[in-house]
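Me: I would like to work through this structure in a series of questions, with the reasoning set out in each reply.

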Amino acid sequence: MRAMIMAAGLGTRLMPLTGSLPKPMVPISGRPALGHILDLLRRHSVTEVVINLHHFPDTIRGYFGDGSQMGMSIRWAYEEELLGTAGGVKNNQAFLEGGAFLVMSGDSLTDIDLDRLIASHRSTGGIATLVTKQVQDTSQYGVVVVDEQRRILGFQEKPATKDALSDLCNCGIYLFEPAIFEHIAADTFYDFGKQVFNDLLAKDVAFHTHPTSDYWSDVGSLEDYRQGNFDALAGRVRIEPSGRVLHSAHEDAGGAERGDIRVGEGVVIEHGARLVAPVLVGDRCSIAAGAVIEGPVVLGEGTVVGPESVVSRSILWEECIIEAGCEVRDSLFAQRVKCEAGARVQNSVLGEACRVGGGRQVADAALDPGTVVD
């Protein structure tokens, strides 16, 4: 079976983190989100993949290459003008139409059992199968309405809970038969949710859902991104972890966060530093004596935490510098952010290469890349 991964989106909801990095490349547990999707496909013996690109295409293509290092074969399809979810698939019809094929987002986080999805699709015999998951807040998702045989009857777009006809959200993971191409216009922007699925309903073409209880997040907001990382650290989603286990923590009677302390290669943790699980320390990081890392925390490759500094419930990307006596709490840092001695950052998101001057405070803020707070 072949698959298409959609990686052409702009990632605007993750700004300012995506001001200089495409959303499929945002790190989750120390690896790009797209890498986890490719791992999932490979584990289910889906190794022939096409990936569409638009935003920062060279960054994505340069990282993964032809896929051979992962035991996969990756083709790249650059879209000069965005073609939409369905239009992007139509653009790769020649590669995909040999049999049933998967379509997934390259910027979600999931450990869905694809073998069960394939079996479910074959059992219904429909033209398409959409993965769905029960949610409490329907106002954040597209909702799918089904009958007792899981045949799709309709959709609602982000309905209020009191108005929702279903609590099943569309996860954006699809299994299609080649006949789906007959319902997608060529050489134009075309959308599955707004056009293709409505066309199937209008023509009474049977398609179904596959409800899953496996982990899934669309990583559609900064809070979702933070929580996805924390869930990965705590082992709530089955992904291939980075680094080696330095210390393993277990959930105690008080319900403490579960997870490990994991470290990469070339990490220096000075005597007197304190790490509280779950924590992931990337390659070549340095944590000075007296520093406190209160998990859940992810430190990206090459990040430095100075003496007597505290980093708590935060995610820092590559090559951040936290000088002596700083506090970073409940925050997200893109790459190469610098906090000078005594700086305080609380509940904020800082884009690439931001700098917070010594003794300055930033709270409840989102700073564009390159912002300086002096």
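Me: Is Arg43 buried, partly exposed or exposed, and what is its relative accessible area?
Reply: This is a predicted model, and the values here are computed from it. Buried means under 20% relative accessible area and exposed means over 50%. Arg43 falls in between, so it is partly exposed, with a relative accessible area of 38%.

Me: With which residue does Arg43 form a salt bridge?
Reply: Arg43 lies in helix 1, and its partner is in the loop between helix 7 and strand 14, 197 residues apart from it. The closest N and O atoms of the pair are 3.8 Å apart. The partner is Glu240.

Me: What is the N to O distance in the salt bridge of Arg42 and Glu240, and which parts of the chain does the pair tie together?
Reply: The side chains of Arg42 and Glu240 meet in a salt bridge. Arg42 lies in helix 1 and Glu240 in the loop between helix 7 and strand 14 (244–249), so the pair ties together parts that are 198 residues apart in sequence. Arg42 is partly exposed at 26% relative accessible area, and Glu240 is partly exposed at 31%. The N to O distance is 3.0 Å.

Me: Which residues are joined into one network by salt bridges that share partners?
Reply: Glu240 forms a salt bridge with Arg43 and also meets Arg42 in a salt bridge. Salt bridges that share partners join these residues with others into one network. Its members are Arg31, Asp39, Arg42, Arg43 and Glu240.

Me: How many residues apart in sequence are Asp204 and Arg151, which form a salt bridge?
Reply: The closest N and O atoms of Asp204 and Arg151 are 2.8 Å apart. Asp204 is exposed, with a relative accessible area of 59%, whereas Arg151 is partly exposed, at 25%. Asp204 is in the loop between helix 6 (192–202) and strand 12 (208–211), and Arg151 is in the loop between strand 9 (142–146) and strand 10 (152–157). The pair links parts of the chain that are 53 residues apart.

Me: Which element gives the largest share of the largest nonpolar core?
Reply: The largest nonpolar core has 53 residues, and those with the most contacts inside it are Leu38, Leu41, Ile51 and Tyr225. Among the elements that give two or more residues to this core are strand 1, strand 4 (48–53), helix 5 (114–124) and helix 7 (222–233). The largest share is six residues, and it comes from helix 1.

Me: How many residues are in the second, separate core?
Reply: This core is separate from the largest one. Its residues include Ile261, Val328, Ala343 and Leu350. The number of residues is 31.

Me: Is Ser105 buried or exposed?
Reply: Ser105 is found in strand 6 (residues 101–105). Leaving aside neighbours within four places in sequence, Ser105 is in contact with Ile5, Met6, Ile37 and Gly172. A polar contact of 2.4 Å joins its side chain to that of Asp107. Since buried means under 20% relative accessible area, Ser105, at 18%, counts as buried.

Me: What accessible area do Leu10, Leu82 and Phe189 have together?
Reply: These residues form a nonpolar patch on the surface. Leu10 is placed in the loop between strand 1 (2–6) and strand 2 (27–28), and Leu10 is partly exposed, with a relative accessible area of 39%. Together, Leu10, Leu82 and Phe189 have an accessible area of about 260 Å².

Definitions and conventions. Residues are numbered from 1 along each chain as its sequence is written. This is a predicted model: local features need pLDDT of at least 70, side-chain atom pairs count only at pLDDT 80 or more; totals for chains, interfaces and linings use all residues. Side-chain values use heavy atoms; hydrogens and water are left out. Patches are made of residues with over 30% relative accessible area and no salt bridge: like charges are joined within 9 Å, nonpolar side chains (Val, Leu, Ile, Met, Phe, Trp, Tyr) within 5 Å. Accessible areas come from the Shrake-Rupley method with a 1.4 Å probe; for residues, only the protein chains shown count as cover. A salt bridge is a side-chain nitrogen of Lys or Arg within 4 Å of a carboxyl oxygen of Asp or Glu. Helices (H or I, at least four residues) and strands (E, at least two) are DSSP runs, numbered from the N terminus. Buried means under 20% relative accessible area, exposed over 50%, partly exposed in between (1.4 Å probe, protein chains only). A polar contact is a pair of N or O atoms within 3.5 Å; within protein, one must be able to donate a hydrogen and the other to accept it, and residues adjacent in sequence count only if both atoms are side-chain atoms. Contact means heavy atoms within 4.5 Å. A nonpolar core is a set of buried Ala, Val, Leu, Ile, Met, Phe, Trp, Tyr and Cys residues joined through side-chain atoms within 4.5 Å.
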